[in-house]
Amino acid sequence: MAVLWQRARPLEVVPTIAGVVGGRGRPSVGEYLLLAALNRAVGDPCSKPACADWSERTRRTRLLPVPAGQLSSQRVWDARDQVDGTAVQTLFHQVAQRARTHVGVQDQVVAVNTTNYVTSIASDNGRPTLPQRGHSQAKRHDVRQVGRALAVTQRDQRPLFHEVDAGNRTDAATVDALVPQLLRELSDVGQGR
């Protein structure tokens, strides 16, 4: 985890999040989100309630010296609620541009994949609008799902673009609708040649 935390510094992940959604408090929204992302990346993912206990077994106490009680699942959810879909796209775009410069992405060939993910969101919960019933690749037509499109470089699989979409759209419809935005954003990160 410590290595990934250090790799996030030159990409300015935490300050970028602060610039888009604000950064008051300690831990900041950016620190909460980076910690949650690192939990997923290190191969030992856990639920939000278990994240504080997990972080105590890592170098987190040295990198982010706050009491484990401040890493409760409710605080992580509160941080996530401050980042809407538009902010996610802005953050992704800014960090991708910085990563291209810092890491030196040389790949010009891009692979695009679309897929969907089933959720456990109740059908009578009207708050989220993206989860919808649709053709499920997991053969779970009884639950709502969300779609995702991801573009990565061919050689290094570095993510350059992503979009989350309603679960009732087909992959073909998603790709058709995203092509103009995909080309524009890839051009913005130097991949649109």
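**Exercise 1. The contacts of Met-1**

Which residues does Met-1 touch, not counting residues up to four places away in sequence?

*Solution.* Step 1: note that this is a predicted model. Step 2: list the contacts. Met-1 touches Leu-35, Leu-38, Val-42, Trp-54, Thr-58, Arg-59, Arg-60 and Leu-63. Step 3: place Met-1 in the wider packing. In the largest nonpolar core, Met-1 is among the residues with the most contacts. Step 4: add a distance. From C-alpha to C-alpha, Met-1 and Gly-43 lie 9.9 Å apart, while 42 residues separate them in sequence.

**Exercise 2. The nonpolar cores**

Describe the largest nonpolar core, then name members of the second.

*Solution.* Step 1: count. The largest nonpolar core holds 28 residues. Besides Met-1, those with the most contacts inside it are Trp-5, Val-13, Ile-17, Val-29 and Val-83. Step 2: trace the elements. Two or more residues come from each of α1, α2, α3, α4 (48-56), α6 and α7. Step 3: find the main contributor. α3 gives the largest share of this core, six residues. Step 4: turn to the second core. This separate set has seven residues, including Ala-151, Leu-160, Phe-161 and Leu-182. Step 5: recall the background. In soluble globular proteins, nonpolar side chains tend to be buried together.

**Exercise 3. Buried or exposed?**

Classify Glu-31, Thr-114 and Gly-43, and locate each one.

*Solution.* Step 1: Glu-31. This residue lies in helix α3. Its relative accessibility is 10%, so Glu-31 counts as buried, because the cut-off for buried is under 20%. Beyond its sequence neighbours up to four places away, Glu-31 touches Trp-5, Val-14, Arg-26 and Leu-64.

Step 2: Thr-114. This residue sits in strand β1 (residues 110-118). Its relative accessible area is 14%, so Thr-114 is buried too. Leaving aside neighbours within four places in sequence, Thr-114 contacts Gln-137, Arg-148, Ala-149, Asp-171, Thr-174 and Val-175.

Step 3: Gly-43. This residue belongs to the loop between α3 and α4. Its relative accessibility is 62%, so Gly-43 counts as exposed, because exposed means over 50%.

**Exercise 4. The largest pocket**

What is the volume of the largest pocket, and which elements line it?

*Solution.* Step 1: volume. The largest pocket measures about 2400 Å³. Step 2: centre. Its lining has 48 residues, and the closest to the centre are Arg-80, Val-83, Val-88, His-162 and Val-164. Step 3: elements. At least two lining residues come from each of α1 (2-8), α2 (13-21), α3 (29-41), α6 (73-81), α7 (85-104), β2 (145-153) and β3 (159-166). α7 gives the most, with 12 residues. Step 4: chemistry. The lining comprises 29 nonpolar, eight polar and 11 charged residues.

**Exercise 5. The second largest pocket**

Work through the second largest pocket in the same way.

*Solution.* Step 1: volume. The second largest pocket has about 150 Å³. Step 2: centre. Of its 12 lining residues, Arg-24, Pro-27, Val-29, Tyr-32 and Gln-82 are the closest to the centre. Step 3: elements. α3 and α6 each supply at least two lining residues, and α6 gives the most, with three. Step 4: chemistry. The lining splits into five nonpolar, four polar and three charged residues.

**Exercise 6. Confidence**

Where is confidence lowest, and where is it highest?

*Solution.* Step 1: take the overall value. The protein averages a pLDDT of 81, and 94% of the residues score at least 70. Step 2: compare elements. Confidence is lowest in α4, at a mean of 79, and highest in α2, at 91.

Terms used: Residues are numbered from 1 along each chain as its sequence is written. This is a predicted model: local features need pLDDT of at least 70, side-chain atom pairs count only at pLDDT 80 or more; totals for chains, interfaces and linings use all residues. Side-chain values use heavy atoms; hydrogens and water are left out. On a 1 Å grid over the protein atoms alone, a cavity is a set of points where a 1.4 Å probe fits but cannot get out, and a pocket is an open set with protein on both sides within 12 Å along at least five of seven lines; lining residues have an atom within 4 Å of a point. Grid points are joined across faces, edges and corners, and a volume is the space filled by probe spheres set on the points. Helices (H or I, at least four residues) and strands (E, at least two) are DSSP runs, numbered from the N terminus. Ala, Val, Leu, Ile, Met, Phe, Trp, Tyr, Cys and Pro count as nonpolar, Asp, Glu, Lys and Arg as charged, and the others, Gly among them, as polar. A nonpolar core is a set of buried Ala, Val, Leu, Ile, Met, Phe, Trp, Tyr and Cys residues joined through side-chain atoms within 4.5 Å. Buried means under 20% relative accessible area, exposed over 50%, partly exposed in between (1.4 Å probe, protein chains only). Contact means heavy atoms within 4.5 Å. pLDDT is the predictor's confidence in each residue, from 0 to 100.
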